[in-house]
Amino acid sequence: MFTDSLLQAFGLLRTFEGDVVEIVLLSLRVSLTAVAIATLVGLPLGALVAVARFPGRGAAVVVLNSMMGLPAVIVGVAVYLLLSRSGPLGPLGLLFTPSAMVVAQTVLTLPLIAALTRQIVEDAWRQHAETLRSLRLPLAARVRVLLWDCRFSVIAAVLAGLGRAMSEVGAVMIVGGNIEHVTRMMTTAIALETSKGDLALSLALGIVLMTMVLTLNLVASGSRAVAMRRHGQ
């Protein structure tokens, strides 16, 4: 049975049938959009926490680090309540749409990207603090300089966020509803098709997902290796 399902899965991948293409493209669109938003917010947020000194900074660091392990289902429930008809954003009608899944994945990945960026930039700040202070650069300029200096390590942090977004299932299942041709992503489709006994489609999507995650890990490892070589020079 497994062998037959695996052969059928490769057949689906070889022909790349409509359902597979639709599910993969939606997954990419949602995850890339969410990570782009999380990156735009998370990079400057993490760098500011690393460089700035303000009351409650220690608590902010603890919160960021704690939210890295935020359970996906908790995020899903929180976003569901926010977007439901009785919630504050209910009139927007975003629940059970790709936009709701983007919101959930953004909430999940933003703390991860911000926390990793804070650690990366803080290490660089310890090395270059005296130089940047002597140049009398304003805070925003210091953040830009440090982010650029750590760009390869920061890329790895962003890719880690993308990997989490693409492999997440709980939150998007809750806020998206796994509606066929509307909000069905790779992870939710794998869960559904496996429960239905359609192992061929589940395996096909699983192969695509694992290939993407492995590629992201290879690129992230390459970015970290480049960063280590640069700092070792």
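**Helix α7, a salt-bridge network and a nonpolar patch**

Helix α7 covers residues 151-167, and because a helix of 17 residues at 1.5 Å a residue should span 24 Å, the 24 Å between its end C-alpha atoms agrees with expectation. The expected span is taken as 1.5 Å times one less than the number of residues, and helices here are DSSP runs (H or I, at least four residues) numbered from the N terminus. The model is a predicted one, in which local features need pLDDT of at least 70 and side-chain atom pairs count only at pLDDT 80 or more, while totals for chains, interfaces and linings use all residues. Residues are numbered from 1 along each chain as its sequence is written, and side-chain values use heavy atoms, with hydrogens and water left out.

Within α7, the buried residues are Ser153, Val154, Ala156, Ala157, Val158, Leu159, Gly161, Leu162, Gly163, Ala165 and Met166, where buried means under 20% relative accessible area, exposed over 50%, and partly exposed in between (1.4 Å probe, protein chains only).

We turn next to the charged side chains. A salt bridge is counted when a side-chain nitrogen of Lys or Arg lies within 4 Å of a carboxyl oxygen of Asp or Glu, and by this rule there are four salt bridges. In one of them Glu122 pairs with Arg57, with the closest N and O atoms 2.5 Å apart; since Glu122 belongs to helix α5 (residues 98-134) and Arg57 to helix α3 (residues 57-67), this pair ties together parts that are 65 residues apart in sequence. Glu122 is buried at a relative accessible area of 11%, and Arg57 also counts as buried, at 16%.

Glu122 also meets the side chain of Arg118 in a salt bridge, at 2.8 Å from N to O. These two residues are four apart in helix α5, so about one helical turn separates Glu122 from Arg118, and both are buried.

Farther along in the text of this helix comes the pair Arg126 and Asp123, whose closest N and O atoms are 2.7 Å apart in a salt bridge. Arg126 and Asp123 are three residues apart in helix α5, and therefore about one helical turn lies between them. Arg126 is exposed at 57% relative accessibility, whereas Asp123 is partly exposed at 34%. Through salt bridges that share partners, Arg57, Arg118, Glu122, Asp123 and Arg126 are joined into one network.Last comes a nonpolar surface patch of about 470 Å², made by Val77, Tyr80, Leu81, Phe96, Ile179 and Val182. Patches consist of residues with over 30% relative accessible area and no salt bridge, like charges being joined within 9 Å and nonpolar side chains (Val, Leu, Ile, Met, Phe, Trp, Tyr) within 5 Å. Of the patch residues, Tyr80 lies in helix α4 (residues 72-83) and is partly exposed, with a relative accessible area of 32%.

Technical notes:
Accessible areas come from the Shrake-Rupley method with a 1.4 Å probe; for residues, only the protein chains shown count as cover.
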